[in-house]
Amino acid sequence: MLRWALIFLVLAIIAGALGAGGVAGLSMNIAYVLFIVFLILLVVHFFQGRRGTRI
């Protein structure tokens, strides 16, 4: 998922440099959403891993 966020981020930077505002905005929004989802999953995974699997 982080890979997709980085791909869309690069697309947004390239599109912004070329002056394609609509494409850059859409790509940046997708990259932002995917990055936030990735961070949330990372934090959840961090706390799940710290707790371990005690039976």
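**Close-up views of a predicted two-helix chain**

**View 1. L11 sits in helix α1**. This helix covers residues 2-18. The model is predicted. L11 has a relative accessible area of 43% and is partly exposed, because the partly exposed class runs between 20% and 50%. The C-alpha atom of L11 lies 8.1 Å from that of M28. Along the chain, 17 residues separate L11 and M28.

**View 2. V37 belongs to helix α2**. Helix α2 takes in residues 21-51. V37 is partly exposed, at 32% relative accessibility. V37 also contributes to a nonpolar surface patch.

**View 3. A nonpolar patch covers about 860 Å² of surface**. Its members are Y32, V33, F35, I36, V37, L39, I40, L41, L42 and V44. V37 can join because its 32% relative accessibility is over the 30% that patch residues need.

**View 4. F46 and F47 form an aromatic pair**. The structure holds one such pair. The ring centres are 5.5 Å apart. The planes meet at 70°. The geometry is edge-to-face, because planes over 60 degrees apart fall in that class. F46 is partly exposed, with a relative accessible area of 47%. F47 is exposed, at 55%. The two labels differ because the boundary for exposed is over 50%, with F46 at 47% and F47 at 55%.

**View 5. The whole chain gives the setting for the close-ups**. The protein chain has two helices and zero strands. The chain has 55 residues, and buried residues make up 15% of them. The exposed area of the protein chain is about 4,600 Å². Carbon and sulfur atoms supply 75% of that area.

Technical notes
Residues are numbered from 1 along each chain as its sequence is written. This is a predicted model: local features need pLDDT of at least 70, side-chain atom pairs count only at pLDDT 80 or more; totals for chains, interfaces and linings use all residues. Side-chain values use heavy atoms; hydrogens and water are left out. Patches are made of residues with over 30% relative accessible area and no salt bridge: like charges are joined within 9 Å, nonpolar side chains (Val, Leu, Ile, Met, Phe, Trp, Tyr) within 5 Å. Accessible areas come from the Shrake-Rupley method with a 1.4 Å probe; for residues, only the protein chains shown count as cover. A salt bridge is a side-chain nitrogen of Lys or Arg within 4 Å of a carboxyl oxygen of Asp or Glu. Helices (H or I, at least four residues) and strands (E, at least two) are DSSP runs, numbered from the N terminus. Buried means under 20% relative accessible area, exposed over 50%, partly exposed in between (1.4 Å probe, protein chains only). Rings of Phe, Tyr and Trp (its six-membered ring) pair if their centres lie within 6.5 Å; planes under 30 degrees apart count as stacked, over 60 as edge-to-face and the rest as tilted.
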